[in-house]
Protein chains: 2
Amino acid sequence: MPSTAIAKHIKEIPKISTKNDFSVLNEPWTVWNWYKKPDWVHVLGLVFMPIYGFYMAYTSVALQQKTAIFSVLYYFFTGLGITAGYHRLWSHRAYSAGPTLQFILMLASTGAMQGSIRWWCRNHRAHHRYTDTEKDPYGAQKGLMWSHFVWMLLRQDPTTVGWADVSDLKANKLVRFQHDHFLWLAPFMSLGVPTLIAGLGWGDYWGGFIYGGIIRQFVVHHATFCVNSLAHWLGDMPFDDRHTPRDHILTALVTLGEGYHNFHHEFPQDYRNAIKFYQYDPTKWLIAFCAFLGLASDLKRFPTNEITKGQVRMQQQKLDQIKSTLIWGTPIDQLPVYTFEEFQAMATEKGQAVTLIEGIIYDLESFVDEHPGGRSLIRSAIGKDATTSFNGGVYDHSNAARHLLERMRVGVVAGGGYVEHRRSTTSSGAHRLSTVP
Amino acid sequence: MPSTAIAKHIKEIPKISTKNDFSVLNEPWTVWNWYKKPDWVHVLGLVFMPIYGFYMAYTSVALQQKTAIFSVLYYFFTGLGITAGYHRLWSHRAYSAGPTLQFILMLASTGAMQGSIRWWCRNHRAHHRYTDTEKDPYGAQKGLMWSHFVWMLLRQDPTTVGWADVSDLKANKLVRFQHDHFLWLAPFMSLGVPTLIAGLGWGDYWGGFIYGGIIRQFVVHHATFCVNSLAHWLGDMPFDDRHTPRDHILTALVTLGEGYHNFHHEFPQDYRNAIKFYQYDPTKWLIAFCAFLGLASDLKRFPTNEITKGQVRMQQQKLDQIKSTLIWGTPIDQLPVYTFEEFQAMATEKGQAVTLIEGIIYDLESFVDEHPGGRSLIRSAIGKDATTSFNGGVYDHSNAARHLLERMRVGVVAGGGYVEHRRSTTSSGAHRLSTVP
Ligand code: HEM
Ligand code: HEM
Ligand SMILES: [Fe+2]
Ligand SMILES: [Fe+2]
Ligand SMILES: [Fe+2]
Ligand SMILES: [Fe+2]
């Protein structure tokens, strides 16, 4: 690199490092600008801290049984704080929580160290409103790793994130309190509390710090991140396929029930993510239990009628997809029309193996030898109207046999009854029919 | 019972006991006729023999390891003889077997002690042709136990079984040989051979007789019977639901692969019962392996296109069933038609919360407060055409939102564009529209 370029670069530093200048994000990575792209606070919390934690766990802090049990419990406490609090309560207003529950949820979720309620919900509402677009802060279209946590490791230009209304959160005193005191409250709930509990409880300060704090926080982080990555990548789309969200039991297991994400994106105001009782959605169970205790109310459910419509729509779509790959034979109203005499002549004069069933002419040539009912019976139908024998007179044929027939149709007989009637009630059929002498 | 009646009854005995007189079958059970109803040979083989076998096993014949292994192998040998031989080859001609394979299958299946090929296939063909009717020898409509084996414990009037063509079997020398020598060949293959193998092999004559003979035969019997009982009773109907046959993995496990019975009844000439590679159909695997060895050929498969049509038909039927339970709102062509001015007046003069989207008028009254996008945005649509804002101008609503709308429609605006067009192309719509000034 010529020295003038370096000089130019150095000159630019003051401007770039201004807090609100994000132009470096649009530049290619170079030796000179790389350190300006990451969000170093996030890198510290998401990369260096876990490395330190695992290093300590591996080299010097033994895991005690009590600390292990406590860490798992604290994982559920803080994890459910995110799912029932940040996500379903504050982002989606899927239910109402009384002051007690709000306070508990605030403390719990702050211990997950995922930014303030306001920051989180603002991004999340944009994620729902602009799913899979450039305005989605963790748009799945940018890849699995991006949506998992790369989006956070890099600095974020807030103006690129789509607009979302968070006036309700700004008006909420508790949310405001948490936002304003996040800098000390989050480390305290995430690292301080577990250290103190394990320390004062059974003398294991270091264990509480490493396992109950850092490692537990690491696990909760990645569990939450999976909702943005895995849940947009793995599974089915039973409710809608316009966007990437998917339903998968594995994601649900990892994320305390947030894995029914196709449902969730389609019905975000619903306090449930899983609608079947046997699906794993502990967050839903917790909310329902809080409602039972009187701590929560107004649990919103999207009408079952409309949920089912979504499912039916998707299933119909899949079915139509399969149908379009099948051979259905010439559509009836595209078949040539013959008189009954012409039909008979096909068999007698031209020696064609044609039969007539319900007004439609079928060419049995390729099938006579394969007929499960034997050659002679099917031969007896050639040149004749076999409607009655086919429909039970001799043998009531299966739907499979009817389906086989569809491929063999070659014409329609004018005045053939049943089909005749169908044809004359559709405009195109009526038109075609009228051209027959 | 008056003595004259008894006398009358006694007088009748000679007539009733004539081999071809089955009139007693239609009489109610009495102390005087009960012994004439059972088929005593079948009762001996299906009830008394197993009782004797289990009694001996319990009291005096210990199970040796070699005999146990041999009995299981002989179970597969004779069981597959029935499924691949009696059933798929001779009843359904689902493939062609060379003389070697036919001979092996004949010996194997005779060891299952299930009557001659001719007797079995005659009944089975009638079962397929007259499924679930009085002409079906083991019709499932008569109950689980009847179709399992009660039909066999009672004497059978062959004239009540529907007619089925077995001329091919009568013309087959091997089948004829087996039929003519069944009386000694069956006990020899079923009881003699296992006794001799275990006896000459490792000195366990009694074990061979009881475990390899009687008990193994009992197990093969009931496995086969399950095809007629369980397979018409438990499971799904993915291919057709006109009759009772069902698909279930459990039945398949018990019956060497014959549990995909809904498929089988719909496509009886197919050498497969299970069409997916991961489904359990060892009989199919055996036939395919024999074809690989050159012992079998001409393995018949129903065209996949038509198999899929059956599945699609059933799925569509289920979906239509669900659809019919849902509320879809007033059909568009049954809505009253208004002018655009009338629509505006509804909002301005009558104060109704109506909006217009794609030519249809919606009453939002019940929904304004529930709108996830907030009250003010949805209020801004009242009395106006909100097509553009609803479809992305402000927010591109989900299909869930569109489904919700369907319930709220209350009218159509004449000249409303999109729907207008749809209405004028359907005759009823066109008619209705023409009544509008
Ligand atoms: C015209 C086209 C025909 C087709 C595509 C056809 C197809 C079939 C098929 C697929 C079966 C197997 C059982 C089933 O799936 O229902 C069958 C059985 C049979 N067909 Fe046909 N069939 C045709 C015409 C006829 C006619 C005209 C007769 C009689 C006059 C006839 C008599 C029978 C009988 C008696 C069986 C029963 C065989 C048995 O299981 O014993 N078929 N046919
Ligand atoms: C007319 C009947 C309307 C219905 C039934 C309706 C329904 C809904 C529903 C169900 C949602 C949740 C997200 C979704 O499912 O797509 C939603 C969100 C939204 N609606 Fe509507 N809406 C209507 C009209 C409008 C109108 C006229 C506007 C704007 C002028 C509007 C603006 C919005 C916005 C901005 C959101 C996004 C909320 C967010 O997630 O940030 N809606 N609407
Ligand atoms: Fe998402
Ligand atoms: Fe969400
Ligand atoms: Fe059956
Ligand atoms: Fe069969």
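Trainee: Which residues come nearest to ligand 1?

Mentor: Start with the shell, then pick out its closest members. In this predicted model, 21 residues surround ligand 1, and His371(A), Leu377(A), Tyr395(A), His397(A) and Ser398(A) come nearest. The ligand itself lies between chains A and B.

Trainee: Which elements of chain A each supply at least two residues of that shell?

Mentor: They are strand E4 (354–357) and helices H16 (375–379), H17 (387–390) and H18 (399–406).

Trainee: And what polar atoms lie opposite the ligand's nitrogen and oxygen atoms?

Mentor: Look for pairs of N or O atoms within 3.5 Å. His371(A) places a polar side-chain atom 2.7 Å from a nitrogen atom of ligand 1, and His397(A) does so at 2.7 Å too. For Ser398(A), the partner is an oxygen atom of the ligand, 2.6 Å away.

Trainee: Turning to ligand 2, which protein atoms are donors to the iron atom?

Mentor: NE2 of His371(B) and NE2 of His397(B), at 1.9 to 2.0 Å. The six donor atoms subtend angles of 87 to 178°, so the arrangement is octahedral. His371(B) sits in the loop between strand E5 (360–363) and helix H16 (375–379) of chain B, and His397(B) in the loop between helices H17 (387–390) and H18 (399–406), so the pair ties together parts 26 residues apart in sequence.

Trainee: Are these two histidines buried or exposed?

Mentor: Buried means under 20% relative accessible area. His371(B) has 14% and His397(B) 13%, so both are buried.

Trainee: How are the chains related?

Mentor: A turn of 180° with a shift of 0.0 Å along the axis lays chain A on chain B with an RMSD of 0.1 Å. That is a two-fold relation.

Methods:
Residues are numbered from 1 along each chain as its sequence is written. Chains are lettered from A and ligands numbered from 1 in the order in which they are written. This is a predicted model: local features need pLDDT of at least 70, side-chain atom pairs count only at pLDDT 80 or more; totals for chains, interfaces and linings use all residues. Side-chain values use heavy atoms; hydrogens and water are left out. Copies are superposed by least squares on the C-alpha atoms of residues with pLDDT of at least 70 in both. Donors are N, O and S atoms within 2.8 Å of the metal (3.2 Å for Na, K and Ca); water is not among the atoms, so sites may look incomplete. Four donors count as tetrahedral if all angles lie between 85 and 135 degrees; four count as square planar and six as octahedral if opposite donors are over 155 degrees apart and all others between 65 and 115; anything else is irregular. Helices (H or I, at least four residues) and strands (E, at least two) are DSSP runs, numbered from the N terminus. Buried means under 20% relative accessible area, exposed over 50%, partly exposed in between (1.4 Å probe, protein chains only). A residue is near a molecule or strand if one of its heavy atoms lies within 4 Å of it. A polar contact is a pair of N or O atoms within 3.5 Å; within protein, one must be able to donate a hydrogen and the other to accept it, and residues adjacent in sequence count only if both atoms are side-chain atoms.
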